Structures are given as structure tokens and as C-alpha cells.
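The following exercises concern the structure shown below, which is a predicted model. Each task is followed by a solution that proceeds step by step.

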Amino acid sequence: MAVSLQKGGNVSLEKVAPGMTNCLLGLGWDSRATDGADFDLDASVFMLNAEGKVKADNGFIFFNNLVSECKSVEHTGDNLTGEGEGDDESIKVSLKDIPADITKIVVAVTIHDAESRKQNFGQVSNAFIRIVNASSSEEVARYDLSEDYSIETALIFGELYRHNGEWKFKAIGQGFEGGLAPLARQYGVSV
Amino acid sequence: MGILVIGSNTNITQPSFTIKHTINDSVDISVFCLGENGKVHNDDGMVFYGAPKSPCGTINIQSKAILVDLENVPSNIEKFSITATVDNDTFASQSNISFTGPDFECQFDTDGRSESALILLEIYKRNNSWKVKFVGQGFNGGLKPLAEHYGVDIADEPVVKPSSPKPAPVTTPTPTVNLSKISLTKSSPKVDLIKKAGSLGLIKVNLNWEKGKSSFFSSGIDLDLGAFIELKNGDKSIVQALGNRFEYSPYIKLLADDRTGDSSNGEWIHIDGNNINNVKRIIIFTFIYSGSPNWDKANAVVTLHVPDMPPIETQLNETSSNTGFCAIAELTVKNNTVAVERLNRFFKGHADCDKAYGWGFKWSAGSK
């Protein structure tokens, strides 16, 4: 039984999935039922050090840079519409291969072309992030964002972070202004 | 008071309140009462001009206002969706729409909107309290895709609003008579066959329909043609493929069963017009043997071919949803004249139709 997280809640991965070494961060949302431009949500990952910055630009994993240099984080590709059951985008994380100086992995989601399409997260139904144990395909934790956002066009869904030598996951659900570029800059990526 | 933008929501603090709006009277407002799955439980779940109060008493649509009373919402209703539709137009030609409630205010900018049906507000239960959300999304195709989105089946033809302020259409949609055929329609449902009963020759009744696109999810539709016959001496019978009752000699005969509608011919019934003086009445019917009861897509047409007369046709176009059986036409023989009347009445099945027309048979399920 997966742990259901509320905004701000966190869970120890060692407790909910003892011995898990490879996990999948799955993100999903409902494809648009009404007429108009599709909701194209893009997931991005920032691999951050203790200062809260990427070590280099390739610590920013997104649709144009799908695999981290250390190969521990891999974005499986872009889904343009949210169509289909289950995860619409997923990120493979090999926990044991994450370099020791990376203390936090932030997962953010932005709505592609939100401004020109006049879209925000309040229009997207049933968005979620979940962690799946890659070896057993079992869902270990889940955060349904449904009511925690409305007018945002970019959201930090959640983060994996080291705490006393183990990995934890925290449901963040926090919006940020201006889309992907300012967020990337904040984390030290040159864009 | 919160000002909502599209996508945002806020808590409702009063159980009973009025939402005032500026929607033009020519726009139809409908409210869908939805269960957990986002669909209506039944057709009562659609509140509209024809039925402006929801059965649960929560919603009451008035001009310029919607009254909402959340005190006694049935436990199986999770959401009320407030929608608006325009006929044969888009919302771009409407003025901006504003809503004002006790806890919220919102303005919908109609500029450039291509939709003919809009989901404007949702009132929904969240953690046991009620919230309102400004949705502002919709469907270019109007009421039909909107209603289907919420699980309501509606016929293709728009319901005519009795007190509609819109001008009535200038042309009648179906010509009553065309050059080569006699069309039986709702407005002219009856025709007398010109020859005297007893010298009519072979009357051929044809049912044809479109199989429809056979997709991954839906196979085609199989319509069966059948007839009820009652003689003047009181004898009665049914001809139909179901139960292999192909003939009632010498009066009526069903030819081969077309399982798909692929055959350009469709299904045929032959009536011996020279023996028809012994007949009191014949009711031609069709039913959906397999496939969903989607008459709209079947485009079924029934044509009577009588020697030396133009073909008489009637289309099954005033359809009703979720009914698999249609009484198409009735032939009655009186005073040496045969009259053909369009019925176009839909039933759940044989037994219902039997009841309506007094056939007096006992019905049980069968297959062919």
C-alpha cells in the first residue's frame, strides 16, 4: 500500500520500500477532454548539491538532456498530451549511483507554452507524482496535486533528498513564476 | 470575496446562495449533477430549460441567476457543473460573461472563443466541504459533446424550445415529397396506396442502414426487419429472423437476413398485395439485434415499393436513446384501401411494442 502524501509531507524511502535501489518517478495528468490546445506538461529534474545548486549545466535533466552525466537519472521522454493510463512522463533514478555530493533531486513540472495557450495547473485534472519501486513495479508513495494549485504554470512537484544517510521524498506542490528558465537560473543553470 | 481566474477555486462558505450572471437569454444554461466518476447517474442529472430544477432540489435555474442549495445534496452527487451552450454559433459572438456569488466573482472573456458549449463553473465536494472552480473550457461541437462528456446521450436533432426567442428556421429540414419518392415524415405521416386492395401486386418493404465504421471499440450494428400481421379473421403472426419465422403464407415473407448492412440491398419483406384484402393490419418494425442502440449513426431508411407507385420511404431520424426497437410503419386495410402510416415509435423491445399496439403475444428471449 503506497503512502499518500499531502502537500509538505515526506516519507522515508527506506521505510516504505526497504532495499529499493532503483526507482521511477512517475508523473501523470489527464489529457484534455475539452476542445483547445492540449496540456503539454514537461517534467524536469535538478540534481543539487548542498548549496542548492547544480554542479554543472548537465545536472539539469529535461526533454533536451535526458540523461545525467553520472547516468543515475534518466528522463524517459516527453509526452505531449497526457494521453494514456498511468504515468505520462517518468524519470528513472538509480539511488545508489547518485554521486555523494548530490544531496537533493528536485522534480519540477512546467506547462509548455502556458502563456500563449492561456493554460495553468488549475485547468489540468488529476495531476500526480508517484514513486515506483523499479524492481517490483510497486507504487511506494504518491502525491495527488489536484487542489493544491490553480493559476501556476510551473510547479515543483516534489524532491528526493538525503537525510541522515537515507533517501526521503517530500511532496512540495509549490508554484513558481515565469516557467522553466527562471527556475533553472535559480538552481545555477546557465540558460 | 475572491476573484477567480480560469483554473482557480475557492471555498463556499454558505450552504444556500444565489449565483448571479450576465448570460444572454438566448444562451441555454444547463447544470449537470455528477457522481464520483464525473458522470450523471441518469438523465435526471441534466438540469436545463426543460427541467430547470434538479430532482434533489439543489439547483434551480432562473433567468440571470442560479439558485444553489447545498443543504440536502444526495450523497452520490459530488459535483455540479454549470454550463452554457449556443446554437449554431460560438461564444466569440457573445458578450463577456460574469458570475457573482457570495464567495467569488469571475469574468469570462469571450473574445476569440471557438466553443459552442462551455463548462463555466464547477461546484464540488472536497474533503467534505464545498468549493467552486472557474473552469472556462468547452467544446466546439456544442451540447452533444458536452452532454456526452457527462454521460448524457442526446439525439442529434436539437430539442425545440417552446418559448424560444430565436427565429424559427425558414426552411423545413426534410422535404415532404421529392421528385421520385414519397417521404413519410412526422408532418406528413400517411399515404393511401392508389390501387384497390386486392390488385396491388407484390409490395416490397426494404430496410437499409449504414453499418457504421467498425472500429476497435465498436463493431457494426445489426438491424433486423420484422413485421406483425393480423388478419381480419383474428389470426396473428410475426415474421422475423429471430426464431426463424421467415414466412406467414400466403401473406408475408421475410427474405434473407443481412447481418451487416453491407449489402446494398439491406433486408426485405415481401407482402402479397393481391391477398391483402384478408389482412387487417401489418406493422413493420426493426430492432437492433447487436450493436449499441445508436440509431443516429445507422441512418436507417425503410422503403415500400408498390408496383406503379413511386417508392414510399421513411427515415428513422426522430430517434430516442437506449431503445433497441422501433415500430416503423403500419399498413391498414379498410374499405378496399390500403393506408400506409409512418409510426417511428421507439420501444425497449418486442414486449413493449406488443403492449402499445395490442398484439397479444407472450415474449421471451431468443437468438438466431
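**Exercise 1. Determine how strand 4 of chain A is placed with respect to the rest of the structure, and examine each of its faces.**

Step 1. Eight of the eight residues of strand 4 of chain A are buried, so this strand is largely enclosed by the rest of the structure.

Step 2. The criterion for burial is that 20 or more other C-beta atoms lie within 10 Å of the residue's own.

Step 3. The faces may now be taken in turn. On one side of strand 4 of chain A, A:Leu41, A:Ala43, A:Val45 and A:Met47 are buried. On the other side, A:Asp42, A:Ser44, A:Phe46 and A:Leu48 are buried, and both faces are therefore covered.

**Exercise 2. Identify the strands that pair with strand 4 of chain A, and give examples of bridge partners.**

Step 1. Strand 4 of chain A comprises residues 41-48 and pairs with strand 5 of chain A in the antiparallel sense over two bridges. In strand 5 of chain A, A:Phe60 stands opposite A:Phe46, and A:Ile61 stands opposite A:Val45.

Step 2. Strand 4 of chain A is also joined to strand 8 of chain A, by eight bridges, and the two run antiparallel. Within strand 8 of chain A, A:Val106 is the bridge partner of A:Phe46, and A:Ile105 is that of A:Met47.

Step 3. A:Phe46 thus has a partner in strand 5 of chain A and another in strand 8 of chain A.

**Exercise 3. Reconstruct the sheet of chain A that contains these strands, and explain what distinguishes its edges.**

Step 1. From strand 8 of chain A (residues 104-111), the pairing continues to strand 11 of chain A (residues 154-163), antiparallel and over seven bridges. A:Thr110 has A:Ala154 as its bridge partner in strand 11 of chain A.

Step 2. The full order in chain A is 2-12-11-8-4-5, an open sheet of six strands with antiparallel pairing.

Step 3. The edges are strand 2 (10-12) and strand 5 (60-61) of chain A; each has a single partner strand, so one side of each lacks a neighbour in the sheet.

Step 4. As for burial inside the sheet, seven of the eight residues of strand 8 of chain A are buried, so this strand is largely enclosed by the rest of the structure.

**Exercise 4. Which residues have the most contacts inside the largest nonpolar core, and what does A:Phe157 touch?**

Step 1. The largest nonpolar core has 54 residues, and A:Val45, A:Val107, A:Ala108 and A:Phe157 have the most contacts inside it.

Step 2. Once neighbours within four places in sequence are set aside, the contacts of A:Phe157 are A:Leu27, A:Val107, A:Ala108, A:Val109, A:Ile129, A:Leu145, A:Ile172 and A:Gly173.

Step 3. Another core lies apart from this one; it has 51 residues, including B:Trp209, B:Phe228, B:Ile238 and B:Leu254.

Step 4. As a general remark, nonpolar side chains tend to be buried together in soluble globular proteins.

**Exercise 5. Describe the surroundings of A:Asn49.**

Step 1. A:Asn49 is located in the loop between strand 4 and strand 5 of chain A.

Step 2. With 15 other C-beta atoms within 10 Å, A:Asn49 is classed as partly exposed.

Step 3. Leaving out residues up to four places away in sequence, A:Asn49 touches A:Lys55, A:Asp101, A:Ile102 and A:Thr103.

Step 4. A:Ala100 is 51 residues from A:Asn49 in sequence, while the C-alpha to C-alpha separation is 9.0 Å.

**Exercise 6. Characterise chain B, one of its sheets, and its contact with chain A.**

Step 1. Chain B has 25 strands and three helices. Of its 368 residues, 36% count as buried.

Step 2. Six strands of chain B form an open sheet of mixed pairing, in the order 1-10-9-3-7-6. Strand 1 (2-4) and strand 6 (59-62) of chain B are at the edges, each with a single partner strand, so one side of each has no neighbour in the sheet. The twist from one strand to the next averages 15°.

Step 3. In chain B, strand 3 (residues 16-21) and strand 9 (residues 97-100) pair in the antiparallel sense over two bridges; B:Lys20 stands opposite B:Thr100.

Step 4. The contact between the chains takes 11 residues from chain A and 13 residues from chain B. On the side of chain B, strand 11 (117-126) and strand 12 (129-139) are the elements that give two or more residues. Strand 12 of chain B gives the most, with three residues. This side of chain B divides into seven polar, four nonpolar and two charged residues.

How values were computed: Residues are numbered from 1 along each chain as its sequence is written. Chains are lettered from A and ligands numbered from 1 in the order in which they are written. This is a predicted model: local features need pLDDT of at least 70, side-chain atom pairs count only at pLDDT 80 or more; totals for chains, interfaces and linings use all residues. Two residues are in contact if their C-beta atoms, placed from the backbone, lie within 7 Å. Helices (H or I, at least four residues) and strands (E, at least two) are DSSP runs, numbered from the N terminus. Ala, Val, Leu, Ile, Met, Phe, Trp, Tyr, Cys and Pro count as nonpolar, Asp, Glu, Lys and Arg as charged, and the others, Gly among them, as polar. A residue is buried if 20 or more other C-beta atoms lie within 10 Å of its own, exposed if 12 or fewer, and partly exposed in between; C-beta atoms are placed from the backbone. Two strands pair if DSSP finds at least two bridges between them. A nonpolar core is a set of buried Ala, Val, Leu, Ile, Met, Phe, Trp, Tyr and Cys residues joined through C-beta atoms within 7 Å. Axes are lines fitted to C-alpha atoms, for helices over the stretch in contact, and angles run from 0 to 180 degrees between N-to-C directions.
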